[in-house]
Amino acid sequence: MPRTSRRTAAVLAALALAGTLAAGCAAADSTSSGTSLRPAAAPSPSGSDCWRSGTSGDDWDDWDSWGPGMGPGMMGRDDCSWGTGMVGGQYWQRGDGAPVKTLDQARQRADAFADRLDLRVGEVMQFSKNFYAELETPSGKPATEILVDPADGDTGIEYGPAMMWNTDYGMHGGGLTQTRISPDQAQDRAQQWLRGRDGNLAAGEAEAFPGYYTLHTLRDGKINGMLSVNASTGAVWPHTWHGTYIATSEH
């Protein structure tokens, strides 16, 4: 599949799976928690044929898993178009085609993207499938999360929570979301969610982004992966798209 089509598929996949994953997390959490918070599903595309049903959170970024309808002309359809800025705008920046192999190279790509938003790069992480970076405001406050494609340097807002829950830099930027969950409560909720799936994983400290928290998952005290918790609803969204953790570069 051409690179542009892949980016289009990625964006729409994130939108479509927002409802699927968030609703699934809500159902799982509501049966195991005594809290009155009931996570709500995030919005999804209006067109039911914008993505192939049955694609899971673990394989949605596998381009070969996408069926007909995800081709180059799809963005022109009325029920699958997202306006100026969605692809090639503030959410995504094309790389130079050169592979990104190191944390320093990933930081350079992240810096170029951050400059467009008047932000700066904080932590950068390397996984087997992508590079991840936190973007911060000039004062050091967490702003959003991005991914760098190791194949060609394409850089954009991270799938999932950063795109769907971030109230400042996401798809629904400018929305008013009440923060009902504290960082400690987010960590507790993440730990409860992990306990029901892998008792050997622990939730790290919750870092507050606009509208949600992101936490490292730890195995024997070492980073294993990541997940996010909605600051209003308490929904838990695991970052299933990273692959295996490799290394971290701080500021």
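**Exercise 1. In which sense do E2 and E3 pair, and over how many bridges?**

This is a predicted model in which local features need pLDDT of at least 70 and side-chain atom pairs count only at pLDDT 80 or more, while totals for chains, interfaces and linings use all residues. Residues are numbered from 1 along each chain as its sequence is written, and side-chain values use heavy atoms, with hydrogens and water left out.

Step 1. Fix the terms: strands (E, at least two residues) and helices (H or I, at least four) are DSSP runs numbered from the N terminus, and two strands pair if DSSP finds at least two bridges between them.

Step 2. E2 and E3 pair in the antiparallel sense, over five bridges, and a hairpin of three residues joins E2 to E3.

Step 3. Locate opposite residues: Val 121 faces Leu 135 in E3, and Val 124 stands opposite Ala 133 in E3.

**Exercise 2. Place the two strands in their sheet and work out which strands stand at its edges.**

Step 1. The sheet is open and has six strands in the order E1-E5-E4-E3-E2-E11, with antiparallel pairing.

Step 2. Strand E1 (92-93) and strand E11 (245-249) are at the edges with a single partner strand each, so one side of each is left without a neighbour in the sheet.

Step 3. On one flank, E2 (residues 120-127) is joined to E11 by four bridges, the two running antiparallel, and Val 124 stands opposite Ser 249 in E11.

Step 4. On the other flank, six bridges join E3 to E4 in antiparallel fashion, with Phe 131 opposite Val 148 in E4; in the hairpin of E3 and E4, which has five residues between the strands, Gly 140 takes a positive phi near 95 degrees.

Step 5. Add the helix: H2 (residues 103-116) lies across E1, E2, strand E3 (131-136), strand E4 (142-148), strand E5 (155-157) and E11, and runs at about 140 degrees to E2. Such an angle, from 0 to 180 degrees, is taken between the N-to-C directions of lines fitted to C-alpha atoms, for helices over the stretch in contact, where contact means heavy atoms within 4.5 Å.

**Exercise 3. Is E3 enclosed or open on its two faces?**

Step 1. Apply the cut-offs: buried means under 20% relative accessible area, exposed over 50%, and partly exposed in between, with a 1.4 Å probe and protein chains only.

Step 2. In a regular strand, side chains alternate between the two faces of the sheet.

Step 3. Both faces of E3 are covered, since Phe 131, Ala 133 and Leu 135 on one side and Tyr 132, Glu 134 and Glu 136 on the other are all buried.

Step 4. With six of its six residues buried, E3 is therefore largely enclosed by the rest of the structure; seven of the eight residues of E2 are buried, so E2 is also largely enclosed.

**Exercise 4. Find the salt bridges and state which parts of the chain each of them links.**

Step 1. A salt bridge is a side-chain nitrogen of Lys or Arg within 4 Å of a carboxyl oxygen of Asp or Glu, and the structure holds two.

Step 2. Arg 120 forms one with Glu 136, the closest N and O atoms being 3.3 Å apart. Arg 120 lies in strand E2 and Glu 136 in strand E3, so the pair ties together parts that are 16 residues apart in sequence. Arg 120 is partly exposed at a relative accessible area of 38%, whereas Glu 136 is buried at 5%.

Step 3. Arg 219 forms a salt bridge with Asp 198, with closest N and O atoms 2.9 Å apart. This pair links distant parts of the chain, 21 residues apart, with Arg 219 in strand E8 (residues 212-219) and Asp 198 in the loop between helix H4 (183-195) and strand E6 (201-203). Arg 219 is partly exposed at 31%, and Asp 198 is partly exposed at 22%.
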